[in-house]
Amino acid sequence: MNIDTYDRARKLGIKSYKARVAQGQYPYLPVLDDIINKDDLSGDVNLGLVDIPLDRVVGTSTAGRTQAFAENFMPLMESNTEFGNKWALLSEAHLTDGIRDPIKVYEYLNYYYVVEGNKRVSVLKYFEADSIPAFVTRKVPKLTDDEEIKIYYEFMDFDRKTGVNFIWFSHTGGYKQLIEEVNKAPKHGGYHDGTTEIYTSASVADSADGAGIVLRAGDSKIWSEDTILEVKAAYRRFAKAYKQKGGDHLKDITTGDAFLAFIGVEGFDNVCEMNQDRILSGITAMWQEFLVINEQYKVEVSLDPPEQKKNVLSSILTPNYSAAKPLKIAFIYDRDPAQSNWLYAHELGRNHLKEVYGDKVNILKITTTSTEEDALAAMEDMIESQGVEVIFTPSTRLVDASLKCAIKYPDVKVLNCSINTSHRYIRTYYARLYEAKFLSGMVAGALTETDKIAYLADYPIFGITANINAFALGARMVNPRVKVYLKWTTLKDSGHSADLYKSLYEDGIDYVSDQDMITPKKASRNFGMYKLTGGEPINQTMTVSNWGILYEKIIDIIMQGNWGSTDSEKSSTPINYWWGLSAGVVDIILSERIPSGIRRLVETIRDLMIKDEFASFTGEIFSQDGRRRCEDGKGLGIEDIIKMDWLLDNVIGEIPDIDKLKDRAKSIVEIKGVMTTDGNGDKD
């Protein structure tokens, strides 16, 4: 009989008991009957036979056996008792044949409380097993505004859809993020075709104690069995490495939080192919990220260039940049700027830096492919061979490569042109273009003779939806009858641009908001906001993003030694530079053709915006579905504008489903998209 093993387990129990008593805490197993109030429950769900994670088995359902175990499930009774003998026999059985008989448990808030099988749990916990088979009855609490309850409801939905019951997050939205990360992985992810069955009624006798309201969960899943196995294997390797590093001692962060952050950087496909040692190395590199992980979900948005602070220590440590020792800057493009309207504007900004700083800067550029691997390799080469200190990646596609580079080279300042990226290792920047779009909409609304104007958009990503709605608001402010017809140029069936313009004209649309920048190699009059005619368009306004001004102000922050102190009180907080009219980063050019009265009105509103005395998204605002998004006399917060995933009620059109987009558009939308799979623009 394995009494020695029992004695070692009992020593662990006594140690835990004494430690809890010394801290004034309850030293025995938690009892579910003491934790829940039946009036707070909505019912039971019979989950059947399930493999449950042992680290989530934390207590017993009733007080009958609780004092036989310490809080860590290790035994407390003497070895010469009947209890000790049975425990030792179970230990021997586990070592020879394994413990196979399922236990019975109640599950509540993703913790398990044993109805039958406490000793089996104790033995397997001693031998550090990962899981145990169990007949599970879920105690479902009533839905409230309590954060833990809301997370639990997300967990139940995730468990029902995937069959994965061992991942827990400390914040809402974690399960949706995890599903998105896995589904976008080409090799190991993807949706599994199958219908989802809602809970159905079952026999009362199916419950763990044979009483109560019982429901049975459907077993249809959105992931294939292979994907589920990959998630389980990857998570368990990560959990072991994370524990080895000491992650289980971090406060306010679960292993699930850390796992989500890790695959967000590495990609689920890569993590699936990592062994435990490689995962441990990756965790070590990202350790600072985990220390502040619950802060990283809050992005600090900088709406204006920060006031420069005089920091004597920083000024001493900051190099005096000169021709002999210039600041080395690199721009990484995923396409040829001469072939891309977007990147051409950033190339003009790069040239602006050279003109402003002269030989104080050494500015390099490289055009790579849009693959993450090639972009990361290009950045690493720039750093190691050229000594680059600052990297700008003007494409949203390169955000993941930028993050990996920043983690590997923490002394290099890496900035990506995107919005709402919540990682402390990189900073992001974007032009607050919706202000100029509002002004352009005012002109279109005032000039239209048909009350029908159009907005041509490319990618349904963060920031673009705000531009569309601001244009529609500006138009309606001067013309309450106006309708804005939204067309997406990146749809698979969008056809030839000439056909699109012809159809708009034939539908009576007389003014169009189109792309904001064109390249010399693609000369066209179809830019800005113009009057649509049967021939050449007549340009009226052009919204401008002065990327050179933005880059200049960022480089000035670095050169003045204020990178770590000017922007945020907490160095761990991610920063998004989202500068607009007041910073000179955004502006609007008005044609001389516009009547003087309209020009004066637009210029007046522009000046008020610069002084922060007028905001685009103020007053009563309704979306297409009739929901009031902003009350009269109030304004939308900056987070509401950034994450806007709805369209104004005078917009005719929709936010497209990702499957309707061209392949090149999908890669961007998967990263920063605001669309939903049902295409209605409202997130569930």
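**Entry 1: strand β11**

I started with strand β11 (residues 390-393) and found both of its faces covered. Val390 and Phe392 lie on one side, Ile391 and Thr393 on the other, and all of them are buried. A note to self before going on: this is a predicted model.

Next I looked up the partners of β11. Strand β9 (residues 327-333) runs parallel to β11, and three bridges join the two. Ala330 is the residue that stands opposite Ile391. Strand β12 (residues 413-416) is also parallel to β11, with four bridges between them. There I picked out Phe392, whose bridge partner in β12 is Leu415. How does the chain get from β11 to β12, and is the crossover right-handed or left-handed? The chain goes through α15, and this β-α-β crossover is right-handed.

**Entry 2: the parallel sheet**

I then widened the view to the sheet that holds β11. Seven strands make up this open sheet, in the order β8-β19-β13-β12-β11-β9-β10, and the pairing is parallel. Which strands stand at the edges? They are β8 (300-302) and β10 (361-367); each has a single partner strand, so one side of each has no neighbour in the sheet. On average, neighbouring strands here are turned by 20 degrees against each other, ignoring direction.

At the β10 end, I counted up the pairing with β9: seven bridges, in the parallel sense. Lys328 has Asn362 in β10 as its bridge partner. I also checked two helices. Helix α13 (residues 341-357) lies across β9, β10 and β13 (427-431), at about 160 degrees to β10. Helix α14 (residues 372-386) packs on the sheet too, where it touches β9, β10 and β11, and its direction makes about 145 degrees with that of β10.

**Entry 3: the mixed sheet**

I found another open sheet of seven strands, ordered β20-β18-β17-β16-β14-β15-β23, and here the pairing is mixed. The edge strands are β20 (586-590) and β23 (651-652); each pairs with a single strand, so one side of each is left free of a sheet neighbour. Helix α17 (residues 464-478) packs on this sheet and touches β14 (452-457), β15 (483-488), β16 (511-513), β17 and β23. The direction of α17 makes about 165 degrees with that of β14.

I wanted one antiparallel pair, and β17 (residues 529-531) with β18 (residues 538-545) is one, joined by three bridges. Tyr530 has Asn539 in β18 as its bridge partner.

**Entry 4: helix α8**

Is helix α8 mostly covered or mostly open? It is mostly covered, with eleven of its twelve residues buried. Among the buried ones I noted Asp257, Phe259, Phe262 and Glu266. The covering elements include α6 (174-183), α7 (225-245), α9 (268-272), α10 (276-285), α11 (287-291) and α15 (399-408).

I also checked the length of α8 (residues 255-266): at 1.5 Å a residue it should span 16 Å, and its end C-alpha atoms are 16 Å apart, which agrees. Just past the helix, Gly267 has a positive phi of about 90 degrees.

**Entry 5: Asn46 and the totals**

One single residue caught my eye: Asn46, in strand β1 (residues 41-53). Its relative accessible area is 6%, and buried means under 20%, so Asn46 counts as buried. The Asn46 side chain reaches the backbone nitrogen of Gly48 at 2.8 Å.

Last, I jotted down the overall numbers. The protein has 22 helices and 23 strands, and 51% of its 684 residues are buried. Of the contacts between residues at least 6 apart in sequence, 73% join residues at least 24 apart.

Note on methods:
Residues numbered from 1 in each chain as written. Predicted model: local features only at pLDDT ≥ 70, side-chain atom pairs only at ≥ 80, totals over all residues. Heavy atoms only, no water. Pairing = 2+ DSSP bridges. Contact = heavy atoms within 4.5 Å. Axes fitted to C-alpha atoms, helices over the stretch in contact; angles between N-to-C directions. Expected span 1.5 Å × (residues − 1). Buried < 20%, exposed > 50% of the residue type's maximum accessible area, 1.4 Å probe, protein only. Polar contact = N/O pair within 3.5 Å; in protein donor to acceptor, adjacent residues only side chain to side chain. Right-handed = clockwise from strand over helix to strand, strands pointing away.
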